[in-house]
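The following exercises are to be worked with the sequence and the coordinates at hand. Each task is followed by a solution in steps.

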Amino acid sequence: MKAFLFPGQGAQRIGMGEGLFEAFPEQTACADSVLCYSIRELCLTGPMERLTQTQFTQPALYVVGALTWLKRVADGAKADYLLGHSVAEYVALFAAGVVDFETGLRLVQKRGALMAEATGGGMAAVLGLEAAQVEDIIRRHGLTDIFAANVNTPKQIVVSGKREAVVAAEPLFLEAGASHYRVLQVSGAFHTPFMQPARDAFTRFLADIEFRAPQVPVISNVTARPHRPDAIARLMAEQITAPVRWSDSIRYLLAKGLAFEDFEELGPAGGAVVKPMVKRTQLEAGPLDAAELAEEERAAEAAKARPVQEAPAMEAPVQMNGTRHKAAGFGAATLGSASFREDFGVKYAYAAGAMYQGIASADLVIRMAKAGLLAFFGAGGLPMLAVEQAIQRIRSEIPPGAPFGMNFIAHANFPQLEEDLADLLLRHEVRVIEASAFMEVTPALVRYRARGLSRVGGKVRAANRIIAKISRPDVAAQFLSPAPERLLTRLLESGGITPDEAALLREVPMADALCVESDSGGHTDQGMPFTLIPATLKVRDAAQARFPGFGRLHVGAGGGIGTPEAAAAVFVLGADFIVTGSVNQCTVEAGTSDAVKDMLEGMNVYDTDYAPSGEMFEMGSKVQVLKKGLFFPARANKLVSLYRQHESLEEIEPSLRRQIEERYFKRSFEEVFADVKASYRAAEVERAERQPKHRMALVFKRYFRDTTRWALAGDLEHKVDFQVHCGPALGAFNQWVAGSELASWRNRHPDIIADRLMDETASLLSRRFSILLGEGGS
């Protein structure tokens, strides 16, 4: 067997390609025409300052690599495998017949131009440390602006990031045992998330490019496995931001039976750049584990053998541990319900749920909408003006028709707040809401649902769609029934709806979809998805039979979903879609403080606790919150215990009262109540002055309000009292992405999490079902 290697940036030198341009005049003329300059002159005479500029280096390396390959083919060379380092992967694609010479050059020209636009970046070669050690140094020292970019050999890693950070990090790596740390002469943070703008632009450029199936296996830099025809475009765009897994690629080929002498480097340096990496990889790590590789390939063969009609073959995503598996009938875009994707205009059966007080921010919703994904703005707890401004901003920044929704939270004690929000949503024609914490359908929801109902071809269609979050089958049944007759009567009498709307409301369910909420962050009934989802599906099936002409009614799942395993489990249970929450709170776009995000990034699955709900603690309602390093859960429970044991603030034992005033509030109860009187309605204040028990409730509730405010603002003086709603799903997510670029919240974005989670879930299901069917090993 024979593998040909093509070196990437760094291999360029004056005089490269000598003799090749005359030997291949047609390709040379084509290159001159595409590039609008003489490629021969650039390669043979420079100047070096120009040849080392990314926009010139990349096309030059491609042309010389491609012509070198053509010369070897003319000499009778035949390849069993091809691989190119970074930009030279395009030479390998050309050599494999995936693209013709001109198309490959145009791709490289565009790629080089986009990457050259990156400034302020830098790279450094680290010798003597393994990838895991490099990642550990980055993580321990909080080097959020540096990433492992090229894994050339097991102990030769190139780090990349902001130039000042790369330069400043040298002593940290040397102190950790690196034998050398050499800053490279580049201007961009190549192969890191900092290159996302270039990747996005290149993705659009790739949309019109046709990639043919490789005639010879080409090893992908991103996956360290052979390219699949249906994934080439996606992976070549991803290559701009993803690490170059060169060492893993070599180890894969070593495991396939190739020896050092079976590798031949073709390029400017005559075998002196990437072939030595083969020897070092062989000595430092050796081939991949044969048993692991065999199991992987059995699963791949099983996927190939499966009849197409069982499920469409989809792209295979990359695992977090670097192993790539071919999907056996599952793909990110086919998980869940196709009708859900169609009804809500999204690319995945996936949504990012709302988090109160704008933690699910306008930025988060906009980013998701631009990616073709649904997210709900966290309107709960915000004044109407802030909600209106968010709607206006979202609308102004997303493409027309892009999906987005608003949270609509129940206010059992203050129904006017529901009415005000319904008026706002109707005025701005917001078409999708997430109805949260409702124990029954309310007039405001009915008014929202009524607007825009119409009869089309004998069937009733709803313009305003509702996804109701529920944790009880009886509440699910209410939302999958028509609006209650008593509410229709009341709304007709008040003029809230018209007679025509009332008639149409009797023919449709109140919700288009239910989200079964299990053990989530924030308000939670601590439900179990394995019992709630099947029970809710039965309710849905019965409702579907009652409304056969309305359209598909959907059941999704939320709460506890932070890993592919969790997502796979609820999809297997029958969920049409999934909703994530806590994992999105620890992203760049989340509307909470950096201090909170730093805390959340370090949490584990056991770092949450249950605390009373500030708004409803008299009723015993609970919220799930972060407990690691915080006093809030214990202090919140203490306040509720005191409320239950006493009839007034004055009954509390004096020393305990002083302790709470000094440690919890940092002021007296009288001062707290003075603030309360300034912010509550007159009737509420009058009631508190008449009823000592109610006065105590309002004073204690101020602690809950303050703890949320301190957390959102990142007020470090009150850090131990931060109230951070969060579920264990984020702890599981943190463990899943440990050691990857998503380990730092500063690299996390809600759409990237969605892509990774759905891709990995598809891959996981493919492997598990292959094993269950006896096709993927034992």
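The domain bounds used below come from an automatic or database domain assignment. The model is predicted.

**Exercise 1. Determine how the chain is divided, and describe the interface of domain 1 and domain 2.**

Solution.

Step 1. The chain falls into four parts: domain 1 (3-116 + 192-290), domain 2 (119-189), domain 3 (332-592) and domain 4 (595-723). The centres of domain 1 and domain 2, taken over C-alpha atoms, are separated by 24 Å.

Step 2. Contacts are then counted on each side: 16 residues of domain 1 meet 15 residues of domain 2.

Step 3. The size of an interface is often given as the accessible area lost when the parts come together. Here the two domains bury about 1,400 Å² between them, with 59% of that area on carbon and sulfur atoms. On the domain 1 side, T192, F194 and E284 lose the most area to domain 2, together 38% of what that side buries.

Step 4. A search for charged pairs across the interface of domain 1 and domain 2 returns zero salt bridges. Eight residue pairs, both members at pLDDT 80 or more, are nevertheless in polar contact across the interface.

Step 5. Two helices, α13 (246-255) and α14 (275-284), each supply at least two residues of the side of domain 1 that touches domain 2. The largest share, four residues, comes from α14. By class, this side of domain 1 has nine nonpolar, four polar and three charged residues.

**Exercise 2. Decide whether helix α20 (residues 443-450) is largely enclosed or largely open.**

Solution.

Step 1. The criterion for a buried residue is a relative accessible area under 20%.

Step 2. The residues of α20 that count as buried are P443, A444, L445, V446, R447, Y448, R449 and A450.

Step 3. Eight of the eight residues of α20 are therefore buried, so the helix is largely enclosed by the rest of the structure.

Step 4. After α20 comes G452, with a positive phi near 90°.

**Exercise 3. Classify P728 and V365 as buried, partly exposed or exposed, and list their contacts beyond four places in sequence.**

Solution.

Step 1. P728 belongs to helix α33 (residues 728-737). Its relative accessibility is 22%, so P728 counts as partly exposed.

Step 2. Beyond residues up to four places away in sequence, P728 touches D519, M603, V605, T608 and Q624. P728 is also 7.2 Å from D607, C-alpha to C-alpha, with their positions 121 residues apart in sequence.

Step 3. V365 is placed in helix α17 (residues 362-370). With 0% relative accessibility, V365 counts as buried.

Step 4. Leaving aside neighbours within four places, V365 is in contact with A375, F376, F377, I394 and F404. V365 and M406 lie 41 residues apart in sequence and 9.4 Å apart in space, C-alpha to C-alpha.

**Exercise 4. Locate the backbone features at P47, H191 and A224.**

Solution.

Step 1. Most residues other than glycine have a negative phi, and most peptide bonds are trans.

Step 2. The peptide bond joining G46 and P47 is cis, with omega about 10°. P47 sits in the loop between α3 (39-45) and α4 (48-51).

Step 3. H191, which is not a glycine, has a positive phi of about 60°. H191 lies in the loop between β6 (180-184) and α11 (196-206). At 4% relative accessibility, H191 counts as buried.

Step 4. A224, not a glycine either, also has a positive phi of about 60°. A224 occupies the loop between α11 and α12 (232-238). Its relative accessibility is 0%, so A224 counts as buried.

Note on methods:
Residues numbered from 1 in each chain as written. Predicted model: local features only at pLDDT ≥ 70, side-chain atom pairs only at ≥ 80, totals over all residues. Heavy atoms only, no water. Contact = heavy atoms within 4.5 Å. Buried area = accessible area lost by both parts, 1.4 Å probe. Salt bridge = Lys/Arg side-chain N within 4 Å of Asp/Glu carboxyl O. Polar contact = N/O pair within 3.5 Å; in protein donor to acceptor, adjacent residues only side chain to side chain. Nonpolar A, V, L, I, M, F, W, Y, C, P; charged D, E, K, R; others polar. Buried < 20%, exposed > 50% of the residue type's maximum accessible area, 1.4 Å probe, protein only.
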